[in-house]
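Open the model in your viewer and keep the sequence panel visible. The tour below goes from one selection to the next.

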Amino acid sequence: MFIHTGKKAHVCEVCNKAFGRKSHLKSHMLNHTGEKPHVCDICNNSFAQKGDLNRHILIHTGQKPHACQICNNSFTQKGDLNRHILIHTGEKPHVCEMCNKSFAQKCDLNKHVLVHTGEKPYVCKVCNKSFANKHSLNDHMLIHTGEKSHVCEICNKSFTLKCSLKRHILTHTGEKPHVCQICNNSFAQKGDLNRHILIHTGEKPHVCEICSKSFAQKCDLNKHVLIHTGEKLHVC
């Protein structure tokens with residue numbers, strides 16, 4: 001009868017949360033006790049809820065029961081399917097309260113908010129440098145380890161970051177995907193395009209702190225500064 005009346009007679013003594021079924025209260029109590037009675041027979045990982053164990057087992061079986069009806073991509077978890085569908089619908093339900101920018105995924109919104117707060121919760125244990133997201137910290141750690149796991153299949157040159165490998169491959173393929181919309185000149189690297197655009201705009205963002213002369217390119221500023229310092233970098 002409680003299901004029909006909406007009454008929830010089973011109340012948690014720890015947090016006062018109420019449940020319509022006693023079994024639901026029992027499952028909830030595991031959150032407070034920390035007990036994890038449901039154990040995976042394959043890897044001995046344990047879970048508080050039977051449903052969590054069932055979802056975990058799919059990792060071992062490789063089963064992906066949740067299929068996208070648009071592109072037939074399949075997923076282990078229903079939540080992963082729901083997030084995937086947003087790619088097709090273009091829906092971005094998670095909105096930043098500060099700038100109204102919207103995101104398909106809640107995790108992307110959470111990372112974006114750090115731009116406004118300036119918070120950098122991920123700290124390198126080696127040099128104490130901090131980062132806004134875990135991915136940036138992981139990339140940074142490769143500087144300390146010296147690991148270069150991304151290898152060019154053409155010349156065997158290795159790189160720390162995958163994006164660096166992708167840029168390098170363009171030197172082999174000759175591809176120049178970044179096109180200037182003003183003169184149609186194309187470039188392999190986005191940075192090269194950005195520097196090229198300054199020719200059209202006339203912008204000179206790099207300013208000498210000594211004489212205030214400005215330059216379009218940072219390298220030109222660096223060479224100019226040598227006039228003031230008298231330093232000669234390239235000595236025969």
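**Stop one: a histidine**

Select H196 in this predicted model: H196 is buried, as its relative accessible area is 11%. The helix around H196 is helix 8, which covers residues 190-201. Now show what H196 touches, leaving aside residues up to four places away in sequence: the contacts are C180, C183, N185 and F187.

**Stop two: the annotated spans**

Next, colour the spans that UniProt lists, in an unreviewed entry, under "domain: C2H2-type". They are residues 10-37, 38-65, 66-93, 94-121, 122-149, 150-177, 178-205 and 206-233.

Begin with residues 10-37 and select the C-alpha atoms at the two ends, which lie 22 Å apart. Helix makes up 43% of residues 10-37, and strand 14%. Then move to residues 94-121, where the end C-alpha atoms are 21 Å apart. In residues 94-121, helix accounts for 43% and strand for 14%.

**Stop three: the cysteines**

How many disulfides does the count come to? With a disulfide taken as a pair of cysteine sulfur atoms within 2.5 Å, the count is zero.

Select C43 to see one case: the nearest cysteine sulfur belongs to C40 and is 3.8 Å away, and C43 is in no disulfide. C43 is partly exposed, with 36% relative accessible area.

Finish at C107, which is also in no disulfide. For C107 the nearest cysteine sulfur is that of C96, at 15 Å. C107 counts as partly exposed, at 44% relative accessibility.

Key: Residues are numbered from 1 along each chain as its sequence is written. This is a predicted model: local features need pLDDT of at least 70, side-chain atom pairs count only at pLDDT 80 or more; totals for chains, interfaces and linings use all residues. Side-chain values use heavy atoms; hydrogens and water are left out. UniProt positions are given in the numbering used here, feature names are shortened, and annotations may be inferred rather than shown by experiment. Helices (H or I, at least four residues) and strands (E, at least two) are DSSP runs, numbered from the N terminus. Buried means under 20% relative accessible area, exposed over 50%, partly exposed in between (1.4 Å probe, protein chains only). Contact means heavy atoms within 4.5 Å.
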